[in-house]
Each structure stands twice: as C-alpha cells, then as structure tokens.
Amino acid sequence: MSKIVEIVGAVGSGSSTARQQVEAAIERAKTTKDYNALLSLSENRALERADAIDKKIKRGEDAGQLAGVPFVVKDNFLAYGAPTTAASKMLQNFQAPLQATAVERLEDEGAICIGKANLDAFAHGGSTENSAFGPTKNAADTTKVAGGSSGGSAVAVALDIVPFALGTDTGGSIRQPASFNGVVGVKPTYGAVSRYGVVAMASSTDTIGCLTNTIEDAELVMDIISGRDINDMTTLPDFFTPVVAPKPAQKIGLIKESMGSATDPEVRARILEYAETLKAAGHIVEEVSMPILEHAVAMYYVIVPAEVSSNLARYDGVRYGHRATNAATLAELYGRTRDEGFVTENKRRIMIGSYVLSSGYFDAYYQQAQKARTLLIDAYTILFDSYDVLLTPVAPMPAFGIGEKAEDPVQMYLTDLMTVGPSLAGLPAMSIPAGHTDAGLPVGAQLVGPARSDAALLALAKTIGDK
Amino acid sequence: MVADEVLDKYEMTIGIECHVQLATATKLFSSADNDARDKAPNSVVSAIDYGLPGMLPVLNRQAVDLAIKAAKALNAKVAKVSRFDRKHYFYPDLPKGYQTTQMYEPIILAGYVDAPLEDGSSVHVRVHHAHMEEDAGKLTHFDGYSLVDLNRAGTPLIEIVSEPDIHSALEAKAYATELYHLMTYAGVTHGDLYHGNMRFDVNISVALRGAEKLGTRAEVKNLNSFKSVEKAAEYEFRRQVALLEKGEKVVQETRGWDDVRQVTTSQRSKEDAQDYRYMPDADIPPIVLTDEEIANIQATVPALPSFYRESWKALGLDATVVNALLASRPLSELIQRLFEKNGESVARRTALWYLASVSSEHEENIFDDKIPDSHYAELTAMVDNAELSSTAAKEVFFAMLKTQHPPRSIAEEKNLLQVSDESAIAAIVDEVLADPASAKSLEDIRAGKDKAIGYLVGQIMKKSQGKANPALAQKLIKERL
C-alpha cells in the first residue's frame, strides 16, 4: 500500500490539504523528539510551500506527482530552510545557498521537505553514534542503535513521521539502517541519481537513494530523483522505469559466505525464510559462493578513507564553516579548525586515507585495493551471467546496543561486510524487510542486481511483499 | 664573480615547465567567467570554484578542444583516453584542498619544439608531455592579513613539461618565446604575459662539461617574461658554478626571481617538499577522444610560426626580422597574405615598415586592420617606381597608420613625391653646376674621384626640397661633364 499515493490522493481531492499533512508530520516529529531522528525542522518554509501547493490545487493547476507529501532528507543534503550540518560541528551553522538536485526534483513535484535527519558526522559510521549531536535511537527498541549512517532517515520513516526520506549510501548507509528499523532502503546503481548538492564522502561509491515504508513508494521516489543531471558528470541517462510485473522464474543466488557462523542465527533464519518465499513465488534460489566477498571490507576501508581524506580537505576554516579562533599561524588555523570541527571517526578516516595515498604507500595500499576491486567487479559479472539477483542479509546482525561497538572501530566496520561489495562494484542493492528476531528487532534481506536493474529488483521484492 | 674561463668549464642543463592559461569563455569546471582581468576580487567565482560542500566539477569541453589544438602546435599526439587526478595540499588559495590535474594519464603526449635562435640556428627541445589542470587563486598579504582572491581559481591551464634539452640562457629564452608563439598562433591562449597567461618554472643544474651525471637542480618558479627566463637561467648558472668552485653543494630547492634585484632567492628546500597524495578524481569521467574528433579540431588550427618561417625564406629577411614579425600573429597573417596576393616586394617592404614603426613611435598595437591591403601595394609600387624615396615612404607609412588614408594622397599632401621629370631636374642640375661652390667637386670628378658626385647630388636634393630622384640627378650630372 502506497502511503504517498494515499496522501497525494487526499490532498488532490480536497479531503486533506498540504498544510494539514505538513502540520501533522511536524507534530509527529515533535512528539518523537526523544529518538533524535531529526536535527532540524524547516517549519516555516515547509508551511509556506504547503500553502503555495494548496493554492495551486484550489486553482486547479497541476501541483505535481508528490503534491503535499512531506519528507525529510539526511542532513548531508544541501537544502533551504535549515542549516546543512552533516551532523558535524564543522558545518553546524552552514546555510546552503542552493539545493541538491534530488531535493529540487522532489520539490518540483510538490513534495515538501520538513526537516533534516541525523547521521554519523559526514556519513562516517554504521550506527549514527558518530553524530556530533547525539545518536538516533532505534525505532523498534530505543536501547539499540538506529544503524547508519542514514539512521535519522530510517527512524523518521519507521516512526511514520514522513512517508519517505532521502539518504546517502556509500558502503551500506541506506541499507543497514533500513534493515535495523524495518523499512525499505534503496541504494541505486552508481550514477542513477545526481550527487550534486550532497556533501561528498567517497566520490567513487557515493549514491543517493531513499527509505520508505513500502516498495511502491520507493519506486515513486526513485522514478522522480533518477536521471542525468548536467551538474554531475557521473550521472547516467534515466533508466529507472517502475516494472509492473517482475520477470517470472528468476534465478536467485544466495551467497554462502554471507550465511556463515559470523552471521547471527536469527538473521540467517529470516533470510532462509525469505528465500523460501521467493521459491514459493516461482523463483529459483540456489546457494552460490563468492569467496572474494570476504576481502571487500578490506578494500573498502582503504579506498573509501582515501577518497574521504580528499573530499574533506576543503573544510579548512578559510571560507565557510567552523573556524578556530585566535590561531597564531596558518598551520594552527588548519589544525585546530579541523580538530574541533571533525569527530573522532572523521579524523580516523582522514588519517587512514592520507596514509594509503602517501608516497611509498600508494602502490602498496591504494593501488592494490583498486586491483582487488576490479577482481570483485569481475566476480559479480561472472555471477550475473548465471543469476538474475543475489541474496544476502543486509547486515550480519540485527541492531546492536547503543555504545556496544562504539569503542571498537574494526567490529563496527565488519558490520558492513555484506553491503560494501555492491558499493565498490556500483551495483543496485535494496534492503527489504524480512521479519523480526524473537526480541522484535527487524531483519533486512539484501537483493543485489546487475547495474541498472534497480527497477527490476524492486519489482521482484514487490511480489514477495514487505513485512 | 666567476671568470668566464671558469664558466666555460661547466655546462648547464635546463628543463622548463610552462603553465598556459587557456582562452576559454568559462572556467575549467564551472560556468564562471574565465576572464578575471580587472575584475573586483572574488567577483567571478562560482560555488564550484569556491569549494562549497556538495559541488561537483563539470568539465569544460572548450578547454579540451584547446588542449587538442595545443598538441598540434607541440608536434605531439593526443591521448585517446586521459584522466584527471587530485593533487592535495593545504593553502588558502586552493579552495578544495586539492588541485584537479592530470598526474597519470595526461591529454598531450610526447612532442617537440624547434626554437629558433638569433644566429639562425635552432634548439630542438623535446616535450615530455602536457597536462590539463586548474589554476589556484591569489593571495595578497596586507597589514598582517592575507587576503584571498579566488577569481583565478579554476582557470584552465595546460602545463607543458619539457625534457632537459636546453643548455644556455639564450636557448631557454628562445624556447619560452617559441612556446609563446605556438600557443598564441594556435589560439590556445590570449598570451597576455602581464596578467600571467603564461608562466615558466625553470629547472637548472650545472655540471662539468662532459660529466655523465647531471648536477643537483634548483627550480626557479613563476617567471612571467622571456627576459626573466633568460636572466634567471644566467644568474643560476653563475650562482651554481660559484658554489661548486668553492667546493660547496647546490641545494635542491625552489627559488624565486627577484625582478628588481635581478637575483634568485631561496623559497623552500626539498626537505619541506610536500607529499601531494595524488589520486584519481572519481568525479570526472575519463576524456575519451576519437581520431576523427581530434583531426576535426586540429584542422581548425591556423598556420603556425614554422609555416611562416618556411614561407618567408623567399623574402630574404634576417632571422631577427622574422622573429620580430612573428611576435604579432595578425601582422604575420598580413605579411603572408600580401606575399601570396601581391608578391614578394609588397610583403617584404610592408614587413620592414612595420618593424621600423615598432622601433620608432608605435610601441604596441602596431597592427591596424583598418588599412586595406591595396594601400600597402600602392605604397610599395610608389617606391618601386621611384615616386617616393625610401625615407619618404616610411614617413607616408607612419602617417597611414594614423589616418588610414591612401598613401598617394598622404604623399601629395606632404609634398613628398619625387620629381622624375628630366627637364625640371635638368634646370636644377644646371644651376648647381654653375655655382662656383661646385667647382672643386667637378675637378675631383674629372680626376676620377667618383665619390665627389655625392656632394653635387646632395646640393640638387637640397634645392629640390628632397623631391628630385637622386638617380636621375646623377645621370644628368654625368651627361654634363
């Protein structure tokens, strides 16, 4: 059931108004404040836009496919009405002079951004605990993490504050929090959605996607935000067209390496059940092996920090953002600005990245990781010769406790085991709700397809349904 | 000071990196105006050049086209696939914390430049490669503050990297000058040296002649005139030889050129050298070019200096004259056009008139395209037909540059036309010969001293107010002896 279609229908028919929708969403955001899902509300601007849309509808004009639908964006999207902080002190007061392409496209269709969602600072993390403004609590259990880095977006959708949220996914940052909170998370093919106006993390794997409660809503949103943008040279011509009926009898490979003893037994059980449902729908599920996958985390944590160290170099206190006071020298200005503006995880990644790019180590680490990445891409290509879709859990475990892994970055990185592969290969990957653990924590199934198969993956998931 | 005999024992080896600002309408990765000349600080800066969060580069296709043209001028192949990389360092003139450049796969591959020297020979300098990159902004230090101006940030450049094939200050100057000619003729840059359109980094080392190993090099950065390239090389040669003669070592370092004191000064040594942490720029897809695209773009490159040099051999001009002409592309085009349409004499005379006008009253902007080609042809004909003396022709030419009037009307107005009417001159000749003051000269001539006729011709010219045709006057004198 599409919540978006429901709202658009109500607003369009006059049984509700955009203003009512926005007011209700803002009210829900305020009553769920304890979750810390949102960092800011763009209340005034949202209400102004709602009134403008209501006027349009009254005049009988076309107010767009998403007229009156409230949404939130992860706070690394440049958007009007509230600061763009990237959940960091560095950009705490940064007011964007322009909006991200994805936000513009949604607003062009009448959607209304009501606020900015929490994240790990600069999207570095898998729990939203690295936010400079406190962690977001899991929608199913407030002692657990929201996942990350798009934790605020996932919780905002799971709590029904808004029917959809935008997120970014560089190594699992949409899929993993979607899995932890029981919502749909779409990480599209690299280049499907413009990155223009989104605070860059790792240029070669950054993708823009959405989190929703239903697959139909994800299709609607992806259809609108996808497509070529002259401001992002890596965008692909629009290929996203919602598929009404999926291809019958698809061959689905369940990756063996993702179902070993390192994966929580309850997670494995839910994925096996999901596989059974796929079979019951007439598809073929076979176990496949992808040995290189176990090296994906190692590749990822060389390549991505390298790109992070580069993309965060612009935050120097000279032109905008945080600036250390009373620095005596230029070096001190840089050092203190960056020390004060970044959280520990940002600094860790900048240091790893600078190290693997430095003279003498570039070949040994960065180049080696890029070669391994090519092998990983080849492994996917070979598998997709025989299979339409690959199936894994999204994460090896359900949401963990707040603080549980905060002191152990390596344990934290290992939670990315199943999500970084598709990121390094630029492939579309979806997190689909696949039930709960006995303790009531959501589990997500990950569907991965060849490049540009985004719509087909959603169509397949739709026939199974989201739990 | 080092004695010349000592200097002669050493040879210097020079490699030059030349930054050329491309003549594009907009910047390399943004739609901001690329012409920052005389603009208020930070007034031509887009969000991309400013390095705002979330901004992405959009490659300017015109810059790629100009690089492809530059390749032709450098006798170099264009890479079918080239890529951009990031070069990292922190400095307030670098908004993104990295410069977008081409470290690993540059667009222009190996080539060469034959730079003519004043003695008519030339130096063959191999080009290692040339790559595209963006310029940085500018800092002005003021009252304890450093002011940042990002107008220049993101201006497209190509950096032309030579092999160490240069061995004298004059060769260095010749190479720099020839690069300037090549890049301006190919339309790659506006070539405004004052505004830094071309800047040279000169790497210089010295070693004893015949030594197998090159010496330790010093790099003199940011030279923006041919003269400073020459002077800096000369200075470094003497400085480094003096060090070696004293038994000291040359330090590998970056030096600056002090134009006022005409010396190089140390800026930073190799120990302070930065680790630029180069990496591929994933925001910019590779530039992929086909042979056809390259050929189509290169077909639009106009004639280059080598073409003119070859063509003008027929004009019999000195190498210095040819190089002086080549300093102006429109002038070269005019001379070539006159040569093709109106022949050798018109081209040669016009070339020499223009050069004379440079050294006399017109320092700059000597070329005037409002003058129709027929004026040059007419002026030449007037000299060839002895209607104007060469001195008078120059005067007419200078006046023509100012007024664009036809040369005949200028000559008439200034009363410069030579009298070639025999009877009119004969009367003056008779008058001069009858003058007692001429008696001595007449005697000398009869005694076989032919030179003495000069005095008489001079007197005739004087009496005719310079309008008598001197050859005719001489003929008439001889007839009367």
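In the predicted model, A:Ile26 is located in helix H2 of chain A, which comprises residues 18-31. With 21 other C-beta atoms within 10 Å, against a threshold of 20 or more, A:Ile26 is classed as buried. Not counting residues up to four places away in sequence, A:Ile26 touches A:Leu41, A:Glu43 and A:Ile114. The C-alpha atom of A:Ile26 also lies 9.1 Å from that of A:Pro70, although 44 residues separate the two along the chain.

A:Pro70 belongs to strand E2 of chain A, which covers residues 70-74. This strand runs parallel to E4(A), to which three bridges join it. Within this pairing, A:Val72 stands opposite A:Ala165 of E4(A). Strand E6 of chain A (residues 207-212) is likewise joined to E4(A), here by six bridges and in an antiparallel arrangement. A:Cys210 in E6(A) serves as the bridge partner of A:Leu166.

Strand E4 of chain A spans residues 164-169, and because six of its six residues are buried, the strand is largely enclosed by the rest of the structure. In a regular strand, side chains alternate between the two faces of the sheet. Both faces of E4(A) are covered. One side carries A:Phe164, A:Leu166 and A:Thr168, and the other carries A:Ala165, A:Gly167 and A:Asp169, all of them buried.

A:Ala165 has contacts beyond its neighbours in sequence. Residues up to four places away being left out, A:Ala165 touches A:Phe71, A:Val72, A:Val73, A:Ala117, A:Ser153, A:Ala156, A:Val157, A:Cys210 and A:Leu211. Nonpolar side chains tend to be buried together in soluble globular proteins. The largest nonpolar core of the model contains 228 residues, and A:Ala165 is among those that touch the most other members, together with A:Leu447, B:Ala67, B:Ala70, B:Leu74 and B:Val202. Apart from this core lies another, of 30 residues, including B:Leu317, B:Ile335, B:Leu338 and B:Ala411.

For chain A as a whole, 15 helices and 11 strands are assigned. Its radius of gyration is 21 Å, which agrees with the value near 23 Å for a compact globule of 467 residues. Along the principal axes, the C-alpha atoms of chain A fill a box of roughly 70 × 65 × 45 Å. Buried residues account for 60% of the 467 residues in this chain. Of the contacts in chain A between residues at least 6 apart in sequence, 75% connect residues at least 24 apart.

Between the two chains, 33 residues of chain A are in contact with 24 residues of chain B. The chain B side of this interface consists of 15 nonpolar, four polar and five charged residues.

Chain B itself is divided into domain 1 (4-292), domain 2 (303-413) and domain 3 (422-480). A separation of 35 Å is found between the C-alpha centres of domain 1 and domain 2 of chain B. Contact between these two domains involves nine residues of domain 1 of chain B and seven residues of domain 2 of chain B. To the domain 1 side, helix H3 of chain B (residues 169-185) gives the most, contributing four residues. By class, the residues on that side of domain 1 of chain B are five nonpolar, three polar and one charged.

Note on methods:
Residues are numbered from 1 along each chain as its sequence is written. Chains are lettered from A and ligands numbered from 1 in the order in which they are written. This is a predicted model: local features need pLDDT of at least 70, side-chain atom pairs count only at pLDDT 80 or more; totals for chains, interfaces and linings use all residues. Helices (H or I, at least four residues) and strands (E, at least two) are DSSP runs, numbered from the N terminus. The radius of gyration is taken over C-alpha atoms; the globule rule is 2.2 Å times the number of residues to the power 0.38. A residue is buried if 20 or more other C-beta atoms lie within 10 Å of its own, exposed if 12 or fewer, and partly exposed in between; C-beta atoms are placed from the backbone. A nonpolar core is a set of buried Ala, Val, Leu, Ile, Met, Phe, Trp, Tyr and Cys residues joined through C-beta atoms within 7 Å. Two strands pair if DSSP finds at least two bridges between them. Ala, Val, Leu, Ile, Met, Phe, Trp, Tyr, Cys and Pro count as nonpolar, Asp, Glu, Lys and Arg as charged, and the others, Gly among them, as polar. Domain bounds come from an automatic or database domain assignment.
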